[in-house]
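Let's take a walk through a protein model together. Have the structure open while you read, and look up each spot as it comes along.

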Amino acid sequence: MDTEAVHAGRDDLARQGLHAPPIDLSTTYPSYDSRAEAARIDAFATDGAEPDGPPVYGRLGNPTVARFETALARLEGTQSAVAFASGMAALSAVLLVRGAMGLRHVVAVRPLYGCSDHLLTAGLLGSEVTWVDPAGIADALRPDTGLVLVESPANPTLAELDLRAIAHSCGSVPLLADNTFATPVLQRPAEQGARLVLHSATKYLGGHGDVMAGVVACDEEFAGRLRQVRFATGGVLHPLAGYLLLRGLSTLPVRVRAASATAAELVRRLSADPRVARVHYPRLGGAMIAFEVHGDPHEVIAGVRLVTPAVSLGSVDTLIQHPASISHRIVDAGDRRGSGVGDRLLRLSVGLEDVEDLWQDLDAALGARRPR
Ligand SMILES: *Cc1c(COP(=O)(O)O)cnc(C)c1O
């Protein structure tokens, strides 16, 4: 994993006399052979395969973005990966691929990231969702079910699912596992039977809070359909973002391991703290923590100084947010609370700062230790 993270997507560089990957900003690619261009476009229309040679037009593909896709597919252990302008654009493309085949029904397990929940609940892309517990997946499948959608560990409760068992209950329906929280460093859902592995690459893959992106890792057949939808709907990733993501991947294992070690220590201290009612932390580990406070969670957000009070996650710096106010605000309050996203829940994305500095800040933000 560590070696792949540094080298995947860069295998040709030394032969080209390069060290850093080039950034190709071209929107179009000149060719004096328009017969060959026609053949390449026909081939893309048939199976969505990446054109051999230059991509014809920036919406069909980009060599810098392709490096990131190659690298992420290697890390997730899939044949292919297709990158998009954001995690939501990636999820939208998956729904469009299945919807275009007349498979508009989605079975999903809560909680999901707030906007993923909203996209399904509001039926913005014409899909219809049935929300179930993991045990109810098999019974919820219909002839027009195109997708089963889960997150593990889930945003924001960090609830974990048995992906292997879920993949089994999906039968021939593709299982999409959102692997944003675990990253391939901690979990590779494709090995457990998920046909589609989705990332908000905005989070850990980019890792520095300065790139917005999404990616789906999957088999080449599904990847072809995703590229065709990306071409027709335009949710492409900018090449500069592709460059930054490839760079982000090279430190992903180191960042995830370091932040996870700090998170585990913070979990130990929060769990022992009388001001904290409950701490949620996956058995898998990781750098995300959720905890419920006895006091007012808004006061904790207002009280941090080193930790940044902001939505999003997976950056080198530590972020804290109140899901009921921000990341999951768009979910109906009843559905939100019903899936474990309580009003006293806080979500902490642990970064690379020194654990003592982080604890000092959290300790102050949690307020006075009231005798109980
Ligand atoms: C942030 C997030 C998304 C959405 O990704 P964007 O890049 O913000 O569009 C999807 N799933 C999870 C688990 C997320 O945390």
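## The ligand and its surroundings

In this predicted model, a side-chain N or O atom of Asp-178 lies 2.7 Å from a nitrogen atom of the ligand. Asp-178 isn't on its own here: Thr-202 and Lys-203 also reach the ligand with polar side-chain atoms, and in both cases the partner is an oxygen atom of the ligand. Here are the three contacts side by side:

| Residue | Ligand atom | Distance |
|---|---|---|
| Asp-178 | nitrogen | 2.7 Å |
| Thr-202 | oxygen | 2.7 Å |
| Lys-203 | oxygen | 2.8 Å |

So how much of the ligand's accessible area does the protein cover? On its own, the ligand has 380 Å² of accessible area, and the protein covers 95% of that. As for where the ligand sits, the space it takes is the largest pocket.

Now zoom out a little to the whole shell. The ligand is surrounded by 14 residues, and the closest include Met-88 and Ser-200, along with Asp-178, Thr-202 and Lys-203. What kinds of residues make up this shell? It's a mix: five are nonpolar, six are polar and three are charged.

## A sheet of five strands

Next, find the open sheet whose five strands come in the order E8-E9-E12-E11-E10, with mixed pairing. Strand E8 (276-280) and strand E10 (308-309) are at the edges; each has a single partner strand, so one side of each has no neighbour in the sheet. Strands of a sheet are held together through backbone hydrogen bonds, and they can pair parallel or antiparallel.

For a pair to trace by eye, try strand E9 (residues 288-293) and strand E12 (residues 345-349). These two run antiparallel and are joined by five bridges. One place to look is Ala-290, which has Arg-347 in E12 as its bridge partner.

## Some unusual backbone spots

Finally, a few loops are worth a stop. Between strand E2 (105-108) and helix H5 (114-121) you'll find Pro-111, and the peptide bond joining Arg-110 to Pro-111 is cis, with omega at about -5°. Another cis peptide bond runs from Asn-155 to Pro-156, this time with omega near 5°. Pro-156 is in a loop as well, between strand E4 (145-151) and helix H7 (163-169).

Which sign does phi have at Val-56, positive or negative? It's positive, about 75°, even though Val-56 is not a glycine. To find Val-56, go to the loop between helix H2 (34-47) and helix H3 (63-76).

Key. Residues numbered from 1 in each chain as written. Predicted model: local features only at pLDDT ≥ 70, side-chain atom pairs only at ≥ 80, totals over all residues. Heavy atoms only, no water. Near = heavy atom within 4 Å. Polar contact = N/O pair within 3.5 Å; in protein donor to acceptor, adjacent residues only side chain to side chain. Areas by Shrake-Rupley, 256 points an atom, 1.4 Å probe, with all protein chains shown as cover. 1 Å grid on protein atoms, 1.4 Å probe; cavity = no way out; pocket = protein on both sides within 12 Å on 5 of 7 lines; lining within 4 Å. Sits in = over half its atoms within 2 Å of the grid points. Nonpolar A, V, L, I, M, F, W, Y, C, P; charged D, E, K, R; others polar. Pairing = 2+ DSSP bridges. Helix = DSSP H or I, 4+ residues; strand = E, 2+ residues; numbered from the N terminus.
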